[in-house]
Amino acid sequence: MTLIGSITIPKTSWLLICAGLLAILLTLLFWSYRRAHAINPGNKAAFFLKLLALLVLALCLLEPLWSGNRAVPGANIFVIMADNSSSMNIIDSGTTQKRADILRATTDANNSKWLTMMAEDFQVRQYLFDSRIRRTMDFSELSFDGKTSSISTALKTVAERYGGKPVAGVILLSDGCSTDINQSYDFSNLPPVYPVVIGGSRPQKDISINNVSISQSAFEDAPVKIQADIETSGYSGKNIRVDLTDDSGQLVESQIYNIGTREDKKVFKFRLRPEETGILFYNLAAKEQLDEESSTQSNAAGEATMVNNNRTIVVDRGGGPYRVLYVTGRPNWEYKFLRRAIIEDEQVRLLALIRVARREPKFNWIGRRGERSNPLFRGFDNIDEEQTEQYDQPVLIRMDPLGWEDPTELRDGFPTTEEELYRYHAIIIDDIEAEFFSPTQMDLIRRFVSERGGGFLMLGGKESFQKSNYNRTAIGQILPIHLDRLPDRPTAGKLYLDLTREGWLQPWARLRENETEEKQRISEMPAFRVLNRLPSVKPGASTVAIIANEWSQQFPALTVQRYGNGRTGALTIGDLWRWGLRESQMHEDMDKFWRQILRWLIADVPERISLQAVNKQDETNQPVVLQVRVRDEKFEPLDNVSVAVEICDPLEQITKLTAEPVFDESGLYKATYIPHSNGGYLARATVTDTNNTELDSSQTGWTCELDAQEFRSVKVNRSLLENVAQRTGGRIVEIDELEKFARDLPGQKVPIAETWIRPLWDVRWISLVSFLFILICLLGEWILRRWKGMP
């Protein structure tokens, strides 16, 4: 018969005899009380006291056995992991000890009795962990200089290293400030984890900068936006100052915010317009704004750490020049204003191919006797007939305000090969019919957008869109609008432009910084009169601006979409030049519009050589993988080249690496760099062919904050440790409970255990308690009988 727990009664012949005697005694006891005494509460109490005494006495005669399981000494493994990260150097509020000192005292082999008790029953494996986990013979090697607390990586390593072995559990000594753990981490293959929380619940006061994000747009007034979360602890009612400085230390902007009583997270936003191009570095610093009386005091006084008060930011403003090809069927005002708008922009270069005369059919007559060339070119110095335009060819003029670097560029008209067209970043077509392009050229434009990743914009001249038969062509395929014809009806005399909901969300479509000023600007715009009426936009396209007539009819005015790797747009207004003819401010607005739409058009267009830095913050030593993609003039992956990478660290020390090809992806080369300092890093990749001729180069920048994640929050993360314990079947163990935990641990469930059996009455305290219980029951029954006058 099995009783509660692990107490059992052996099944022997004596069991039946004892049970029979007990039954007889109980019957006599019941009969004697029923016959001799009246039924009252006192009699009942006396009866039950004697009954209990007889039952316990009978239990003693049965000799019950006490059995259980315990860990086989030395057969099971128990892992002890100690946090070696730099966050352990924090002093919590209400104590004078660092977390590191508390951990050292807890793991001191000479004074920690719980470690000795653990070693008596288990094979103890001791580890230190920060960015990586490593074995240690004792915890005297703790240095607390690790840059990260990779708790999940350490636990995963333990699970893999001891997979299939009898691991009874893991003791995790940490403050819980993990840099790599998240809720999606799989704990199913881990043994029970018993976290020991190191540190108090209230840290010293602290200011930290977290979640820094950078966004860039084509909005000219403030193309760069920086956003950061500032979290504080212990600064209730204080003023916090956040400074943004450039790489030379020059102050760009400063913001001051008063911390409320709740100390909620505050989001700081900075908007700036860098004057320089290329890779730029900025520094964000947060500190308490002291008054004049306390200005001599240090901001660091009493703060948990100053490591998380600064962040370095990298901004890539591009190098340029970005080449834009403008093709038009006639000299027009749009090109004139577009060229003037970007004439001072060193990063955008507008090259034009302007047709000044259409292609004419061959006739039997000629101009002067023996003359076969176009008389428009009569009188020029070039008298070579092969270099002059014929009557059956269009008359094209090449225009480059900065002068032609390649004299042969566009000399034969619109490009016919990938090598010629893919040198540009964007194409603008205005007022030219579809017959100007051959089917091969139109397909080349389509692939320029979808494969090369270039930008394409069609303007609303007289011979654009459906009026010039672009429907059912490769160019019509990439446009964001349908080119089906609408019935020929007059649109209206005056047309007014307005932004759509999508337009208000696009920074490059707005010309003012706030909504009120932008609405005022739109209301003052002049009316337009020329419009290509189009029925609808394609699925996935966005209408940024609409145009409405006096009858409240609305039509798409500016529509954009992503197409393959590139982007396309359609501007259906044919007389946008009217915008700049009234006032100087409107002319400036029109110029700004052209600059911003060109910036949007060329944004994210890839170069032949691209360099990307991928920061592996979750890995040991936080390596940076530099990925170099190399393409030929057709923008196809290029192999058999040499890629040299030169890195300049924050201390201006130069490191040279060689990027090796990745065999599973053509045209991709990789190099790995281990950063050692906080700050901004600049890398340049140079590609050379087999003849050691430089093909091109590319640069990128990144920032490394080795301690940023570690000190993201200085508060002890007890909830995370509780979650780890709950999901692995363990529990939180307090420091002062470690000895009791070590004492009770062998009796807990372990992989390898042995069964022990002993008579229950051999346990001294159980025998003593049983005897006292019988004595008290019999004595109580005797007292009650005498008190109530019972025989």
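In this predicted model, the salt-bridge count comes to 29. A few of these pairs are worth a closer look, starting with one between residues close in numbering.

R134 pairs with D130, and their closest N and O atoms sit 3.4 Å apart. The two ends of this bridge differ in how much cover they have: D130 is buried, since its relative accessible area is 5% and the cut-off for buried is under 20%, whereas R134 is partly exposed at 22%. A similar split shows up for D575 and R578, which form a salt bridge with the closest N and O atoms 2.4 Å apart. Here D575 is buried, with a relative accessible area of 0%, while R578 counts as partly exposed at 26%.

The next pair reaches across the chain. K634 and E419 meet through their side chains in a salt bridge, at 3.8 Å from N to O. This one links distant parts of the chain, 215 residues apart: K634 lies in the loop between β25 (624-630) and β26 (642-648), and E419 belongs to helix α7 (residues 418-421). Both ends get some exposure, with K634 partly exposed at a relative accessible area of 36% and E419 partly exposed at 29%. Salt bridges also join up into a network, made of R323, D406, E409 and R423. As a general point, side chains of opposite charge can pair when their charged atoms come close.

Turning to the nonpolar side chains, the largest nonpolar core holds 47 residues, and I428, W508, W579, F593 and W594 have the most contacts inside it. Helix α12 (residues 584-602) gives the most to this core, nine residues in total. What does F593 touch, once its neighbours within four places in sequence are left aside? The contacts of F593 are then L511, L558, L571, L576 and W579. Separate from this core is a second one of 35 residues, whose members include V327, F437, F448 and V449. In soluble globular proteins, nonpolar side chains tend to be buried together.

Some nonpolar side chains are found on the surface instead. L768, F771, L772, L775 and I776 make a nonpolar surface patch of about 520 Å². One of these residues, I776, is placed in helix α15 (residues 764-787). Is I776 buried or exposed? I776 counts as exposed because its relative accessibility is 59%, and the cut-off for exposed is over 50%.

How values were computed:
Residues are numbered from 1 along each chain as its sequence is written. This is a predicted model: local features need pLDDT of at least 70, side-chain atom pairs count only at pLDDT 80 or more; totals for chains, interfaces and linings use all residues. Side-chain values use heavy atoms; hydrogens and water are left out. Patches are made of residues with over 30% relative accessible area and no salt bridge: like charges are joined within 9 Å, nonpolar side chains (Val, Leu, Ile, Met, Phe, Trp, Tyr) within 5 Å. Accessible areas come from the Shrake-Rupley method with a 1.4 Å probe; for residues, only the protein chains shown count as cover. A salt bridge is a side-chain nitrogen of Lys or Arg within 4 Å of a carboxyl oxygen of Asp or Glu. Helices (H or I, at least four residues) and strands (E, at least two) are DSSP runs, numbered from the N terminus. Buried means under 20% relative accessible area, exposed over 50%, partly exposed in between (1.4 Å probe, protein chains only). A nonpolar core is a set of buried Ala, Val, Leu, Ile, Met, Phe, Trp, Tyr and Cys residues joined through side-chain atoms within 4.5 Å. Contact means heavy atoms within 4.5 Å.
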